[in-house]
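Open the model in your viewer and keep the selection box ready. This tour tells you what to pick next and what you will find there.

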Amino acid sequence: MRLGTIRLDEGATAAGRLDEDRITLLPYEDVGALLASGPGWRERAEGADGRPVPASGADLAPVTPHPEKILCVGVNYRDHIAEVGAEPPEHPTIFAKYARSLIGPYDDITLPTGSDAVDWEVELGVVIGETVRDVRADRAWDAIAGYTIVNDISMRDWQFRTSQFLQGKTFEASTPVGPYLVTPDEVGHARACVLTCAVDDDVMQKSVTSELVFSAAEIISYISSFITLVPGDLIATGTPGGVGGARKPPVYLAPGQTVTSRIDGLGELVNRCVAPTPAPAGR
Ligand code: ZN
């Protein structure tokens with residue numbers, strides 16, 4: 001099953017189930033609300049019979065627009081660890097984003113005036129489907145509602161101002177998520193999916209999720225040892241090699257370029273980079 005959050009008129013959104021070329025609207029304002037409706041959400045989503053809208057051209061919001069938590073894992077692909085010259089970590093490197101940083105799968109990325117180093121990071125996204133605390137890794141797979149694509153767009157100059165990444169990782173409206181939440185049964189828990197990130201026609205990143213140092217279940221187990229994960233929480237599991245900042249010389253995003261982030265079985269994000277709109281005169 002594939003679930004998305006669709007933007008309707010006048011700022012409203014609805015959760016929807018993708019049925020081939022149509023999306024059946026569900027009686028929840030977004031996928032997060034469906035997941036938060038409690039055990040049985042899968043059956044309710046599968047069995048719902050709502051208004052259909054065409055899938056092509058649907059205006060998709062981030063899969064879960066308002067997660068309670070967005071947690072990201074740094075340096076979690078063996079090739080990316082080699083690229084940045086690091087040693088494989090003993091523990092996952094965890095940082096956070098806020099929901100205001102999220103954009104839809106086809107939304108523009110506005111390059112902020114305050115950064116000259118906007119970089120790409122295609123990542124497997126994990127959406128939590130049940131409340132878990134202190135869950136063992138072998139049980140944590142069951143807490144996963146599904147998988148999606150995240151591009152953890154990073155302002156490298158801001159990221160490395162201090163030892164803390166946060167300010168370079170959570171710029172307003174910069175992180176595309178989607179297009180759909182794909183349930184684990186459809187993608188074999190995304191254990192061996194090829195993921196790529198292209199800037200225009202140039203493939204910049206290509207790896208496979210089997211290169212992850214810490215699996216989705218191990219990450220969930222680790223996080224749940226210090227905080228409760230709840231339905232709708234989003235985890236970005238880390239990016240493979242090929243980021244712009246590690247190239248010699250570094251390469252960053254420019255207005256007019258298009259970032260295409262793909263994961264086998266999950267679809268793609270297509271985001272155009274645009275210059276910021278100048279502030280109106282007199283302000
Ligand atoms: Zn990342």
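How many Å separate the centres of domain 1 and domain 2, taken over C-alpha atoms? The answer is 24 Å. Keep in mind that this is a predicted model.

**Stop 1: the two domains**

Select residues 2-54 and give them one colour; this is domain 1. Then select 70-274, which is domain 2. Eleven residues of domain 1 take part in the contact, along with 17 residues of domain 2.

The size of an interface is often given as the accessible area lost when the parts come together. Here the two domains bury about 1,100 Å² between them. Carbon and sulfur atoms account for 53% of that area.

Which three residues supply the most of the area that domain 1 buries against domain 2? Select Arg2, Leu3 and Leu35. Together they supply 51% of it.

**Stop 2: salt bridges**

Side chains of opposite charge can pair when their charged atoms come close. Between domain 1 and domain 2 there are two salt bridges.

Stay with arginine 2 and add glutamate 186 to the selection. Their side chains form a salt bridge, at 3.2 Å from N to O. So arginine 2 appears twice on this tour: in a salt bridge, and among the three residues that supply 51% of domain 1's buried area.

How many salt bridges does a search of the whole structure find? It finds 15. For one of them, select aspartate 152 and lysine 97; the N to O distance is 2.7 Å. This pair links distant parts of the chain, 55 residues apart. Aspartate 152 sits in the loop between strand 11 (144-151) and strand 12 (154-155), while lysine 97 is in strand 6.

**Stop 3: the largest pocket**

Rolling a probe the size of a water molecule over the atoms shows where empty space is left. The largest pocket has a volume of about 260 Å³. It is lined by 21 residues. Select His80, Glu121, Arg156, Gln159 and Phe160, the closest of these to the pocket's centre.

Now show strand 5 (70-74), strand 6 (93-97) and helix 5 (156-159). Each supplies at least two residues of the pocket lining. Colour the lining by class: nine residues are nonpolar, seven are polar and five are charged.

**Stop 4: a cavity**

How many cavities of 30 Å³ or more are there? The count is one. Its volume is about 30 Å³.

To find the largest cavity, select Ile70, Cys72, Lys97, Leu102, Val150, Thr175, Val177, Leu234 and Ala236. Lys97 is familiar from the salt bridge with aspartate 152. Strand 5, strand 13 (175-182) and strand 16 (234-236) each give at least two residues to this lining. By class, the lining has seven nonpolar residues, one polar and one charged.

**Stop 5: backbone details**

Switch to the backbone and go to glycine 178 and proline 179. The peptide bond between them is cis, with omega near -5°. Proline 179 lies in strand 13, one of the strands that line the cavity.

Next, select lysine 248 and proline 249. This peptide bond is also cis, with omega near -5°. Proline 249 is in the loop between strand 16 and strand 17 (258-263).

Finish at aspartate 134. What is its phi? Phi is positive, about 55°, although this residue is not a glycine. Aspartate 134 is found in the loop between strand 10 (122-128) and helix 4 (137-140).

Definitions and conventions:
Residues are numbered from 1 along each chain as its sequence is written. This is a predicted model: local features need pLDDT of at least 70, side-chain atom pairs count only at pLDDT 80 or more; totals for chains, interfaces and linings use all residues. Side-chain values use heavy atoms; hydrogens and water are left out. On a 1 Å grid over the protein atoms alone, a cavity is a set of points where a 1.4 Å probe fits but cannot get out, and a pocket is an open set with protein on both sides within 12 Å along at least five of seven lines; lining residues have an atom within 4 Å of a point. Grid points are joined across faces, edges and corners, and a volume is the space filled by probe spheres set on the points. Helices (H or I, at least four residues) and strands (E, at least two) are DSSP runs, numbered from the N terminus. Ala, Val, Leu, Ile, Met, Phe, Trp, Tyr, Cys and Pro count as nonpolar, Asp, Glu, Lys and Arg as charged, and the others, Gly among them, as polar. Domain bounds come from an automatic or database domain assignment. Contact means heavy atoms within 4.5 Å. Buried area is the accessible area (1.4 Å probe) that two parts lose on being put together, summed over both. A salt bridge is a side-chain nitrogen of Lys or Arg within 4 Å of a carboxyl oxygen of Asp or Glu.
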